[in-house]
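Below is a chain to look over, followed by some questions and answers about its fold and its charged side chains.

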Amino acid sequence: AGAGGAWGGGGGGGDARGEARQRALRNKANALAVEASRLQAVANQRMALQEEEEERERAKALKRARKKAKARALHERLQAIRSITALSAEETNEDHGGGG
C-alpha cells in the first residue's frame, strides 16, 4: 500500500509536469501558427506585387506592339503615296514628252 501511495504521488507530480509540458507545447503551437500566418501574409503580398509587375510588363509590351503597328501602317501609307507620286510624275513626263 505504501508503494502504491508513492506511485500515486509520483503520478500527481507527473500530471503537473504533463500539464506544464502541454501548456508549453500549446504556446509553441500558437507561436508557430502566428509565424505561419505572418509568412502567408508576406507570401500573398509578394504574389500581389509580382502580379502587378507582370501586368505592367504586359501593358508595356502592348504599348510597344501598338506603336510598331502604327509605325508600320504609316510607313506603308508613305510608300503608297510615294509610288502614286512616282506614277503621276511618269504620266506627266509622258504627257509632256508626247506633246513635245
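**Charged pairs along the helix**

In this predicted model, Arg-58 and Glu-55 sit 3 residues apart in helix H1, about one turn of the helix.

Q: What is the N to O distance in the salt bridge of Arg-58 and Glu-55?
A: Both residues belong to helix H1, with about one turn of the helix between them. Arg-58 is partly exposed at 48% relative accessibility, and Glu-55 is partly exposed at 45%. Their side chains meet in a salt bridge, N to O, at 2.8 Å.

Q: Which residue forms a salt bridge with Arg-56, the closest N and O atoms being 4.0 Å apart?
A: The partner lies in helix H1 with Arg-56, 4 residues apart. Arg-56 has 46% relative accessibility and counts as partly exposed; the partner is partly exposed too, with a relative accessible area of 44%. The residue is Glu-52.

Q: Which residues are linked with Glu-53 in a network of salt bridges?
A: Arg-56 forms a salt bridge with Glu-52. Glu-53 is part of a network with these residues. The names asked for are Glu-52 and Arg-56.

Q: By how many residues are Lys-60 and Glu-57 apart in helix H1?
A: The side chains of Lys-60 and Glu-57 form a salt bridge at 3.8 Å, N to O. In helix H1, about one helical turn separates them, the spacing being 3 residues.

Q: What percentage of the 100 residues in the chain is buried?
A: The chain has 1 helix and 0 strands. Buried requires a relative accessible area under 20%. The buried share of the chain is 0%.

Key. Residues are numbered from 1 along each chain as its sequence is written. This is a predicted model: local features need pLDDT of at least 70, side-chain atom pairs count only at pLDDT 80 or more; totals for chains, interfaces and linings use all residues. Side-chain values use heavy atoms; hydrogens and water are left out. Helices (H or I, at least four residues) and strands (E, at least two) are DSSP runs, numbered from the N terminus. Buried means under 20% relative accessible area, exposed over 50%, partly exposed in between (1.4 Å probe, protein chains only).
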